[in-house]
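Colleague: I'm new to this one. Could you put it on screen and walk me through it?

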Amino acid sequence: MYEFDATVNAMSNQELVDHGNKMMDETDQSIERSKKVIAETVEVETETAATLKSQTEQMSSIVNKLDFINFSIKKASKLVKELGRQIAIDRCIVFMLFLIVLGVIAIFIVKLVNPNSEDTHDVPQLAPSVLTNRRLLWNPNQGFYNKLV
């Protein structure tokens with residue numbers, strides 16, 4: 001600090017004014033550079049804010065789409081489970097019908113192979129033989145009406 005005072009004392013008034021003007025010019029140039037940096041910073045900040053806003057909107061849109069997809073997947077999962085149940089029920093019905101058809105075919109085969117067999121009377125729900133249970137109202141040997149006894 002003493003050196004500055006000594007340098008200032010050695011300078012003339014005109015030199016001091018010129019030195020002060022030079023320092024003010026340098027300060028003005030520094031302020032102008034700072035203003036440019038601030039303006040560039042504000043511009044970059046504005047662009048960054050616009051980009052962030054756009055990206056936030058995109059993220060919001062993506063989140064909404066993901067929510068919709070998640071809802072659709074849950075709904076589809078429930079539908080697949082319901083379809084699985086329906087298919088299982090349909091398969092059971094088809095299997096039962098298959099067993100019934102096999103039973104009917106087995107009865108027809110038994111009747112065709114041995115139509116007079118007495119063993120077929122023991123088959124449940126098999127129609128009784130027409131010849132063994134038939135009673136006529138008129139028998140040429142007994143008269144017009146048969147007795148039901």
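Modeller: Sure, one term to start: a salt bridge is a side-chain nitrogen of Lys or Arg within 4 Å of a carboxyl oxygen of Asp or Glu. This is a predicted model, so local features need pLDDT of at least 70 and side-chain atom pairs count only at pLDDT 80 or more, while totals for chains, interfaces and linings use all residues. Residues are numbered from 1 along each chain as its sequence is written, and side-chain values use heavy atoms, leaving out hydrogens and water.

Colleague: Which residue forms a salt bridge with Glu32?

Modeller: The whole structure has 2 salt bridges. In one of them, Glu32's partner sits 3 residues away in helix 2, about one turn of the helix. The closest N and O atoms are 3.9 Å apart, and the partner is Lys35.

Colleague: And how far apart are the closest N and O atoms of Arg85 and Glu82?

Modeller: Both residues lie in helix 2, 3 residues apart. Glu82 is partly exposed (between 20% and 50% relative accessible area, 1.4 Å probe, protein chains only), with a value of 36%. Their salt bridge has its closest N and O atoms at 3.1 Å.

Colleague: Which element has the highest mean pLDDT?

Modeller: pLDDT is the predictor's confidence in each residue, from 0 to 100, and the chain averages 82. Counting helices as DSSP runs of H or I, at least four residues, the chain has 3 of them. Helix 3 (residues 130-133) has the lowest mean, 54, and the highest, 93, belongs to helix 2 (residues 13-113). Where pLDDT is low, the predicted coordinates should not be read in detail.

Colleague: Then which element has the lowest mean pLDDT?

Modeller: With a mean of 54, that's helix 3.

Colleague: What percentage of the residues is buried?

Modeller: Buried means under 20% relative accessible area. The chain exposes about 14,100 Å², with carbon and sulfur atoms supplying 65% of it. Of the 149 residues, the buried share is 1%.

Technical notes: Helix = DSSP H or I, 4+ residues; strand = E, 2+ residues; numbered from the N terminus. Areas by Shrake-Rupley, 256 points an atom, 1.4 Å probe, with all protein chains shown as cover.
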